[in-house]
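Biologist: I should be grateful for a close look at a single part of this structure. Please describe one strand and its surroundings in terms that a first-year student can follow.

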Amino acid sequence: MFYILGRVVAFSFVSLLLLLTMLSHAHADGFLMLETKLKYDSNLTHARFSQDQVGDMATVINATTGLYFQLSDYNSLTIQGEFGSELYNTYHGMNNLSLGGSATLKRKWGLGLYQPWTALTLSLT
């Protein structure tokens with residue numbers, strides 16, 4: 001069941017990307033966001049007693065890039081890719097790498113700053 005659903009979602013996502021590349025009159029605004037930080041967790045094990053608690057420092061790097069398409073006055077589409085890493089200095093088994101992408105179709109229900117909107121998002125990680 002999940003295998004078939006995953007294939008349908010992947011096919012839909014690829015079809016949407018191909019459709020966007022075929023639109024010669026579409027204009028996209030690109031964006032790139034980078035985040036780096038050092039993080040210290042004093043209780044990695046979530047232990048209750050202090051003798052069971054261990055701490056470690058981690059380097060966190062996140063990057064997001066994508067394209068924003070204004071399809072009409074009320075509709076927009078955002079396609080983005082994401083990369084994240086969390087690398088610990090001592091406990092390497094806690095390291096985490098992630099790669100993903102998403103597509104968001106947004107509909108604004110009027111012109112102006114305070115108008116309501118709805119969005120449909122497809123995300124793969």
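The reply below concerns strand β3 and the parts of the chain around it.

Modeller: The model is predicted, and every value given here was computed from it. I shall begin with the whole chain and then turn to the strand. The chain contains 1 helix and 5 strands, and their order along the sequence is α-β-β-β-β-β. Of its 125 residues, 21% count as buried. The surface exposed by the chain is about 9400 Å², and 63% of this is supplied by carbon and sulfur atoms. If one takes the contacts between residues at least 6 apart in sequence, 45% join residues at least 24 apart.

Strand β3 covers residues 75-88, and S76 is a convenient place to enter it, as this residue belongs to the strand. S76 has a relative accessible area of 7%, and it is therefore classed as buried, since buried means under 20%. Which residues does S76 contact, leaving aside its neighbours within four places in sequence? They are Y68, F69, Q70 and L71, together with T104, L105 and K106. Strand β2 spans 56-70, and strand β4 spans 96-108. One of the contacts of S76, K106, has a further partner: K106 lies over the face of W117, at 4.3 Å from the ring centre. A comparable arrangement is found for R107, which is placed over the face of W109 at 4.7 Å from the ring centre.

Further along strand β3 comes S85. S85 is also buried, with a relative accessible area of 7%. Setting aside neighbours within four places in sequence, S85 touches T59, V60, I61 and N62, and also N96 and L97.

E86, likewise in strand β3, introduces a charged pair. In general, side chains of opposite charge can pair when their charged atoms come close. E86 forms a salt bridge with K39, and the closest N and O atoms are 2.5 Å apart. Because E86 lies in strand β3 and K39 in strand β1, the pair ties together parts that are 47 residues apart in sequence. Are the two partners buried or partly exposed? E86 counts as buried at 19% relative accessibility, whereas K39 is partly exposed, with a relative accessible area of 29%. The figure for E86 falls under the 20% limit for a buried residue, so the label follows from that cut-off.

A search of the whole structure finds 2 salt bridges. In addition to the pair just described, K37 and E35 meet through their side chains, at 4.0 Å from N to O. K37 is partly exposed at 40% relative accessibility, and E35 is partly exposed at 35%.

L87 also lies in strand β3. It is partly exposed, with a relative accessible area of 37%. L87 helps to form a nonpolar surface patch of about 480 Å², to which I61, F83, L97 and L99 also belong. Strands β3 and β4 each supply at least two residues of this patch. Two of the patch residues, I61 and L97, have already appeared as contacts of S85.

To summarise, strand β3 includes the buried residues S76 and S85, a salt bridge from E86 to K39, and a contribution to the nonpolar patch.

Notes. Residues numbered from 1 in each chain as written. Predicted model: local features only at pLDDT ≥ 70, side-chain atom pairs only at ≥ 80, totals over all residues. Heavy atoms only, no water. Patch = residues over 30% accessible without salt bridge, like charges linked within 9 Å, V, L, I, M, F, W, Y side chains within 5 Å. Areas by Shrake-Rupley, 256 points an atom, 1.4 Å probe, with all protein chains shown as cover. Helix = DSSP H or I, 4+ residues; strand = E, 2+ residues; numbered from the N terminus. Buried < 20%, exposed > 50% of the residue type's maximum accessible area, 1.4 Å probe, protein only. Contact = heavy atoms within 4.5 Å. Lys NZ or Arg CZ within 6 Å of the ring centre and 35° of its normal.
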